[in-house]
Amino acid sequence: MRWEGDRQSDNIEDRRGGGGGGGFGIGGGTVGIGTIVVALIGSWFFGVSPSTILSLLSGGSPAQVQQAPAHPPANDRETQFVRTVLGYTEDTWSQIFRANGATYSPPHLVLYSGRTATGGCGTGQSAVGPFYCPADRKVYIDLTFFRMMQQRFKVGGEFTQAYVIAHEVGHHVQNLLGISGKVDSARQHLSEREANAASVRLELQADCFAGVWAYHTNQAKQIIEQGDVESALNAASAIGDDALQRQSRGEVVPDSFTHGTSAQRVRWFKRGLETGSVEQCNTFEARQL
């Protein structure tokens, strides 16, 4: 992926010790409590924080944890990459919103190590993976997650990492458009199976939005190199609900899916990537996912 030398976002909050790296800490409790276990098998891959859903559904108080002080973002290559990708999302979504007569308000991205407090979504932990908190409009990432992806799923590369970030920013776009709020409200009146199905459509749309981002950013900056798309598609396939359940349980339970199958995640990311059209990402009216 070509990205060196492009604009870097200032909307970064670095809570890592001294602004540097950190370990993949998974100590302490789980994120959030509630009645719907939104697949801690798979919800810690590219999704809204489980505690966000549970907190919104139950109306409970978020867990508290001491928040590490923010430092100026480190200047290592990995941090520069994240800042650049976030800058790409800002430029692309600002252009798309402007073309539709609206103004894009970008999220902040929090870099942390181990665990951190959120502004309304409980305690963020590395074990949950990257997530978006609609309450404070921030994306949370422990960068050691990317190394875990490579070790556990054999998927990696910078474009794959950019896809992860773009997916979380896709949740922010859903929040700005009022989509996620409507889904969360509707889920309060649905059965667990129906609520899971609504979550799948939300997640697949975020995958599609990530593809839209990739299409427009590549049009403007020619960032995609040979093999990049294949790597991202391999990542989307590796974290499908069916693949994760088969790996962890040895069986697949479709009614418990919250993010979509491998084939569905690949299909919707490709749709956004090939069309560059937000209108093509309406998973909620799609007869076939």
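Here is a short chat about a predicted model, its confidence and how some of its helices pack.

Q: Hi! What pLDDT does the protein chain average?
A: This is a predicted model, and its protein chain averages a pLDDT of 81. Of the residues, 77% score at least 70.

Q: Where does pLDDT stay under 50?
A: One such stretch is residues 18-46, for which the model has 94 contacts beyond four places in sequence. Another stretch with pLDDT below 50 is residues 48-65, and there the model has 48 contacts beyond near neighbours in sequence.

Q: OK, on to helices. How do you describe two packed helices?
A: With the angle between their axes and the distance between the axes.

Q: So at what angle do α4 and α6 cross?
A: Roughly 120°, and their axes come within 7 Å. Helix α4 covers residues 158-177, while helix α6 covers residues 192-221.

Q: Why are they called oblique to each other?
A: Angles from 65 to 115 degrees count as roughly perpendicular and those over 145 as roughly antiparallel. The α4 and α6 angle of roughly 120° fits neither range, so the two helices are oblique to each other.

Q: And is that crossing left-handed or right-handed?
A: The crossing of α4 and α6 is right-handed.

Q: Which residues meet there?
A: On the α4 side they include Phe159, Tyr163, His167 and His171. Facing them from α6 are residues including Leu202, Phe209 and Trp213. In the contact of α4 with α6, eleven residues are nonpolar, five are polar and two are charged.

Q: What about α3 and α4, how far apart are their axes?
A: The axes are 11 Å apart, and the helices pack at an angle of about 125°. Helix α3 is made of residues 144-153. These two are oblique to each other as well, and their crossing is right-handed.

Q: Who makes that contact?
A: From α3 it is Phe145, Phe146 and Met149, and from α4 it is Thr160, Gln161, Val164 and Ile165. Five of the residues in this contact are nonpolar and two are polar, with no charged ones.

Q: Changing topic: what is phi of Arg137 near?
A: Near 60°, which is a positive value in a residue other than glycine. You'll find Arg137 in the loop between β6 (131-133) and β7 (138-141). Arg137 is partly exposed, with a relative accessible area of 39%.

Q: And Gln222, where does that one lie?
A: Gln222 sits in the loop between α6 and α7 (228-238). Its phi is near 50°, again a positive value in a residue other than glycine. With 46% relative accessibility, Gln222 counts as partly exposed.

Notes: Residues numbered from 1 in each chain as written. Predicted model: local features only at pLDDT ≥ 70, side-chain atom pairs only at ≥ 80, totals over all residues. Heavy atoms only, no water. Axes fitted to C-alpha atoms, helices over the stretch in contact; angles between N-to-C directions. Helix = DSSP H or I, 4+ residues; strand = E, 2+ residues; numbered from the N terminus. Parallel < 35°, antiparallel > 145°, perpendicular 65-115°, else oblique. Left-handed = near helix turned anticlockwise from the far one by under 90°. Contact = heavy atoms within 4.5 Å. Nonpolar A, V, L, I, M, F, W, Y, C, P; charged D, E, K, R; others polar. pLDDT = per-residue confidence, 0-100. Buried < 20%, exposed > 50% of the residue type's maximum accessible area, 1.4 Å probe, protein only.
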